[in-house]
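Let's take a walk through this structure together, with an eye on charged pairs and on one polar side chain. Please have the sequence and the 3D view open as you read.

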Amino acid sequence: MSSRTTHSDSISHGPQDCQKCKTRRIKCDRALPACAKCTKRHYECPGYDNKLRWANAIAIRGRFKGMQFPSADDEQPTPAQLLDHYDKNIAGLMVWLDSEHNAYRRLVLPLAHRQPGLMLSILAISAKHISASGEMDSGFSKSACDAAVLTITESVQQVTSRLAEGYDFSTERDMETAEWMLASMLTLSGYEMMGSNSMNWETHRQAARTLVNVLGTADRCDNELYTFLRNQLSILDVLACTTNFDLGVTDGVILPETARGDVIFGEFLKTIHSVTSKSRERLQEKHHGVDSSLAGNITSKELCSSFEMARGSTLMAAGSLPFDDTSRKRDFIRMVEIYHHAGLLYSYRSLHLSDSDPSAVHYSSKRLFEILDDFENGLAWVQNFPWPVFVLGTESHGDIPKQTFVRAVYRMIIQNMGSGHFEAVLQFLEEFWAGQDSEWSTRAREWELRGIRILAV
C-alpha cells in the first residue's frame with residue numbers, strides 16, 4: 001500500500017471552512033476528508049474546494065463572469081500540443097474499444113474547432129492529464145476549466161429559456177449546441193475525476209443527465225454524435241449508481257439507447273441498472289420501516305438468464321468491430337466475460353442472493369480472478385478494468401492472494417489513466433480488507449456519511 005494516510009487519520013486540515021459550515025454559520029474544524037460537524041449531524045460534507053453550483057443544469061460561478069479565454073505562458077504546451085495529447089493519450093481511454101472509428105477523435109475533436117466551450121474543456125482535461133505526470137503545473141487546466149464552465153453556463157441559460165418558451169429545439173444548429181454541451185459536461189466530469197478529493201465530477205454528471213432528460217430521445221436517435229455521447233453518459237451514470245447509496249439515486253438515470261442493436265454492453269448496463277434499482281428500492285423501504293425481504297425477489301436463475309442474454313447481445317453487437325489481430329479479439333471476449341462475472345457478483349451481493357447460492361458466488365469470483373489474470377495485453381484494456389476489479393476487490397475480504405492481485409491492478413490503473421479518484425477506490429478497498437465486516441456496502445455507506453463517494457469508473 002502507498003504511504004497515503006487512511007481516512008481515519010486527521011493529520012492535516014482543509015484550507016478554509018467547508019461550504020456546509022459556512023451555510024450554517026458555525027465554526028468548522030476543517031478536518032480531512034470531512035469535518036466533524038458534518039459527520040456528527042450525518043451531513044455529506046462538501047469539502048473545502050470552491051464548488052460548482054447548478055440550477056436546472058446551469059453552472060453558476062459569479063467570480064468568473066466576464067473571464068476571457070485562458071492563455072498559456074511560454075513554458076506551457078500550446079493548444080495544438082494539448083489537442084494532440086488528447087488525441088493520442090485521452091480519447092482512447094474514454095471508449096470500450098479504441099479504433100479508427102473512435103467518435104471522440106472522429107466527431108468530438110472537429111466539433112471543438114467550431115465550439116469554444118468544448119475546446120476549453122478538451123484543453124483543460126489535456127493539461128490536467130499532463131500535470132498529473134508532473135510535467136507542468138495545473139494552473140492553465142484550472143483556468144481553462146473555469147472558462148469552459150462559464151461558456152456552458154451561458155449556453156444552458158439560453159437553452160433553458162428557449163425550452164421554457166416551448167421551443168422545439170430540433171434544428172441542426174440546435175443539435176450541435178446539445179452535442180457540444182453534452183461533450184463538454186462529460187469531458188469536465190473526466191477532468192474532475194483526476195482530482196482524488198473532488199466531487200465536482202458528480203455535478204457535471206448530474207448536469208449532463210438533466211440535459212439529456214430534458215431533450216429526450218424523440219427524433220434524435222439518427223443523430224450519430226448525440227446518440228454516442230448519450231450512450232457514453234449511460235456508462236458513467238449506471239456504473240456510478242452501483243456505489244452510490246443515496247435514496248432516489250436511480251431516479252432519472254440515463255440508460256443506453258439499444259434500439260439498433262449495435263451498442264456493446266448496452267443490455268448489460270440495463271441489467272445492472274435493474275439490479276441497482278431493486279436494491280435501492282429495498283433500502284428506501286427499510287428506511288421507512290417496511291419489511292420487503294420477500295417482495296419482488298429475483299432468483300439466481302432469473303439473474304443468470306438476464307446476464308446470459310446481455311452477454312450474447314454484446315458479443316453480437318461487437319461482430320462488426322475492427323480487430324487488427326486475433327489476440328485483441330480474444331482479449332475483447334475476456335472483457336465481456338469479466339463484466340459478466342462482475343455483474344453477477346455485484347447482483348448476488350446487492351440482492352442478498354449470495355447465501356442462497358454460495359457455489360455460484362464462488363464460481364464467478366474464481367472465474368473473474370482467472371480471466372483478469374489471463375489478458376494477453378492488459379494495458380490495451382486498462383480503461384475498462386476499474387469496475388470489475390473493484391467488484392473482485394469486494395470479494396477479496398480475507399483472501400490475501402486476491403488482495404495482492406487487485407492492489408497491483410489498481411496501481412496499474414492509477415499509473416496509466418492519470419485519474420486520482422482511483423486512489424480513493426484503492427484506499428477504500430484497503431480499509432475494507434483491514435476491517436471485520438465482509439459486507440463492502442456497509443463501509444461504503446459509512447464513507448458517504450463522511451462526504452466521500454466511491455467511483456469505480
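Burial comes up often below, so here is the yardstick: a residue is buried under 20% relative accessible area, exposed over 50%, and partly exposed in between, using a 1.4 Å probe and protein chains only. By that yardstick, aspartate 237 is buried, at 0% relative accessibility.

A word on what you are viewing: this is a predicted model, in which local features need pLDDT of at least 70 and side-chain atom pairs count only at pLDDT 80 or more, while totals for chains, interfaces and linings use all residues. Residues are numbered from 1 along each chain as its sequence is written, and side-chain values use heavy atoms, with hydrogens and water left out.

Now for the charged pairs. Side chains of opposite charge can pair when their charged atoms come close. Here a salt bridge means a side-chain nitrogen of Lys or Arg within 4 Å of a carboxyl oxygen of Asp or Glu, and the whole structure holds 25 of them.

Which residue does aspartate 237 pair with? Its salt-bridge partner is arginine 209, with the closest N and O atoms 2.9 Å apart. This pair links distant parts of the chain, 28 residues apart: aspartate 237 sits in helix α9 (residues 224–241) and arginine 209 in helix α8 (residues 200–215). Helices here are DSSP runs of H or I with at least four residues, numbered from the N terminus. Arginine 209 is buried too, at 6% relative accessible area.

Next, follow helix α12 (residues 326–350) to arginine 334. Arginine 334 forms a salt bridge with aspartate 374, the closest N and O atoms being 3.4 Å apart. Aspartate 374 lies in the loop between α13 (358–373) and α14 (386–394), so this salt bridge ties together parts 40 residues apart in sequence. Arginine 334 is buried at 15%, whereas aspartate 374 is partly exposed at 44%.

Further along, the side chains of glutamate 395 and arginine 349 form a salt bridge at 2.8 Å, N to O. Glutamate 395 is in the loop between α14 and α15 (400–417) and arginine 349 is in helix α12, so parts 46 residues apart in sequence are tied together. Glutamate 395 is buried at 13%, while arginine 349 is partly exposed at 27%. Elsewhere, salt bridges that share partners join Glu202, Arg205, Arg209, Asp237, Asp246, Glu448 and Arg453 into one network.

Finally, visit asparagine 102, in the loop between α3 (79–90) and α4 (103–112). Asparagine 102 is buried, at 4% relative accessible area.

Terms used: Helices (H or I, at least four residues) and strands (E, at least two) are DSSP runs, numbered from the N terminus.
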